[in-house]
Amino acid sequence: MSTGLREYLDGPHKAARDLVRDGLAANAELLDAGLELSRSEYRDKVLAVMQQITAEGHTGRGFPKEFGGQGDLGGFIAGFETLAFGDLSLMVKAGVQFGLFAGAILHLGTTRHHDEYLTDAIEGRLLGCFAMTETGHGSNVQALGTTATYDPATEEFVIHTPTAAARKDYIGNAARHGRMAAVFAQLVVGGETHGVHCLLVPIRTKDGDPLPGVTLSDCGAKLGLNGVDNGRIVFDQVRVPRTALLDRYAQVDAEGNYSSEIENPDRRFFTMLGTLVQGRVSVGGAAINASKVALTIAIRYADRRRQFGAPGSADEALLLDYRMHQRRLLPLLARTYALHFAQAELVEEFVRLFGGDGEKNDHDQRALEAQAAGTKALGTWHATETIQMCREACGGAGYLAENRLATLKADTDVFTTFEGDNTVLLQLVAKGLLTNYRESFGKLDPLGTARFIAAQAVEIAVEKTALRTLIERLRDVVPNRNDSADPDAGLRDDAYHSGMLRFREEHMLAGVARRLKRGIDDGVEAFEVFNRCQDHVIAAGRAHVERVVSEAFLAAVQAAPEGTPRERLRDLYDLHALVTIEAERAWYIEHGRLSGGRSKAITALVNELCAAVRPYAGELVDAFGVPGAAVDVPMVVPSQHE
């Protein structure tokens with residue numbers, strides 16, 4: 001069964017995934033490099049393996065054929081996600097080089113940049129950085145302090161770090177290997193600031209020495225990902241030619257005249273950032289795959305490790321036979337499957353919009369950005385929770401570095417904050433829901449969001465007839481506090497699951513809108529209004545993504561081949577949906593949508609589903625197709641004396 005299910009999980013990009021699996025298997029020694037080598041040696045080893053897989057064509061898969069790529073964007077993302085089955089420093093370094101640096105050239109540059117730099121970048125000859133984050137500004141990219149001031153006398157931009165807070169920080173490839181940086185800076189032309197733009201700035205000579213005016217330093221040891229050479233960059237009046245500006249969305253001519261087809265500076269900024277959403281899509285998928293590695297290790301361990309047993313019996317029980325152990329691991333397994341299918345939907349939509357064949361509009365792109373933000377947030381939080389639980393479920397063995405869970409935990413921890421802090425990302429999701437993406441992008445900071453909502457969207461969200469109609473319709477679908485006569489009825493009904501999750505999402509969204517409107521009507525300052533209910537905003541965004549993930553899982557179950565694979569997925573789907581409802585049962589009870597009896601019935605059914613999944617839990621993790629070296633750790637491989 002696991003073979004058929006694996007093919008279904010791999011989907012249309014199975015070939016790309018298998019090529020990366022083979023590459024990881026061939027470089028299995030990299031899995032131990034972080035423990036055995038010095039930090040400098042480890043970094044160089046990661047670079048060497050990255051250049052090897054680059055030479056084999058894996059990393060260029062998503063780029064246009066005219067620059068040596070294969071024009072297979074979906075396969076590129078699938079391959080990148082699969083890199084998470086191996087050493088995560090390799091995955092992140094490849095993401096910096098090909099997703100961020102080369103991606104910035106491709107999406108923000110024009111023909112001259114493509115012709116001059118892109119082939120070298122995607123073939124690994126030009127190693128680069130993505131210099132966006134600053135010491136004083138992370139998620140708030142619009143407030144970056146680095147400046148790029150145009151000098152018409154020499155037709156150059158002067159790149160400068162005016163304050164310590166404007167230092168570029170945590171920049172991958174900057175400490176050791178990078179030769180050029182895609183630098184995000186405030187563009188100043190003729191004394192006027194036009195907002196953040198991106199320029200290509202050389203930072204090292206061919207021999208690896210910093211160029212004049214460029215100060216490079218090493219971020220040093222980190223919690224994880226020590227095979228990635230994160231560094232800091234300070235610019236002191238560094239000059240680059242006018243053509244260094246990646247000018248797809250804005251141009252500066254020789255005389256110093258700034259122009260852009262997108263007149264609104266906020267819209268121009270978010271259009272630029274929107275083209276770089278691939279990184280967020282990829283990180284979410286990688287986190288989900290890291291969860292698969294941890295679960296494969298922990299479930300295989302639990303299926304062979306024995307502990308205690310029935311009184312009077314000489315036989316000890318397998319860990320996975322204990323109900324509490326099932327409760328710890330199997331709902332996380334079900335959620336991993338759910339997120340896998342939600343990620344697959346996201347990648348399919350991303351390829352449709354950016355793969356060159358489909359038509360896209362502003363609404364579709366903003367919807368994709370929100371979907372990517374939400375999936376990345378839940379996927380990376382899930383990885384953190386799952387890996388920690390797997391570590392605990394393996395006891396002392398899970399604490400040993402040789403069993404990989406320690407490295408997985410350390411290397412994935414930062415996923416919750418890079419490519420966007422998860423809390424900020426869920427705020428973006430909720431803002432999109434509140435405004436229904438009306439007429440303007442707004443700003444991502446709380447003040448801009450509050451003003452945008454106050455100006456355009458609150459009344460729409462509160463008064464929208466469709467919202468009231470939906471809630472009325474859900475009252476017919478979702479049982480209320482009086483449903484205790486038959487608490488088990490319909491608990492495995494798809495409409496029940498969807499109705500409960502939709503009710504929670506829409507109720508929370510309407511509640512946020514009412515709070516915002518009430519505060520504004522009372523004359524409270526816009527920032528303070530938003531700040532008071534920011535926790536409510538984040539919760540509404542999360543409720544939305546939870547519903548989207550659940551419905552993606554259901555769609556995948558319905559599309560699965562008939563027979564055993566679909567039956568297995570059906571049990572997992574029901575387990576995931578009911579655990580999601582169970583986790584918020586206090587809220588449902590507070591809002592009259594769940595009785596005490598039905599709440600208990602849900603818990604009982606979750607236990608039954610865990611027991612039902614337990615016999616084939618090993619097959620379910622085998623279907624992930626994690627290469628053997630990544631999961632054949634000492635604690636799950638029987639020793640010779642066993």
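## Helices and a predicted model

Helices here are DSSP runs of H or I that are at least four residues long, numbered from the N terminus. Keep in mind that you're looking at a predicted model.

## Arg328 and its surroundings

Let's start with one residue. Arg328 sits in helix α10, which covers residues 323–354. Is Arg328 buried, partly exposed or exposed? Its relative accessibility is 24%, and since buried means under 20% and exposed means over 50%, Arg328 counts as partly exposed.

Which residues does Arg328 touch, leaving aside those up to four places away in sequence? They're Met389, Glu392 and Ala393. There's also a pair to look up in the 3D view: Arg328 and Cys610 are 282 residues apart along the chain, yet their C-alpha atoms are separated by 9.8 Å.

## Strand β2 and its partners

Now for a strand. β2 takes in residues 147–151 and is mostly covered, with 4 of its 5 residues buried.

How does β2 pair with β3, in the parallel or the antiparallel sense? The pairing with β3 (residues 156–160) is antiparallel and has 5 bridges. As an example, Asp151 has Glu156 in β3 as its bridge partner. The hairpin of these two strands has 4 residues between them, and Glu155 there takes a positive phi near 55°.

β2 also pairs with β5, a strand made of residues 180–189. These two run parallel, joined by 3 bridges. If you want to find a spot where they meet, look for Ala148, which stands opposite Leu187 in β5.

Definitions and conventions:
Residues are numbered from 1 along each chain as its sequence is written. This is a predicted model: local features need pLDDT of at least 70, side-chain atom pairs count only at pLDDT 80 or more; totals for chains, interfaces and linings use all residues. Side-chain values use heavy atoms; hydrogens and water are left out. Buried means under 20% relative accessible area, exposed over 50%, partly exposed in between (1.4 Å probe, protein chains only). Contact means heavy atoms within 4.5 Å. Two strands pair if DSSP finds at least two bridges between them.
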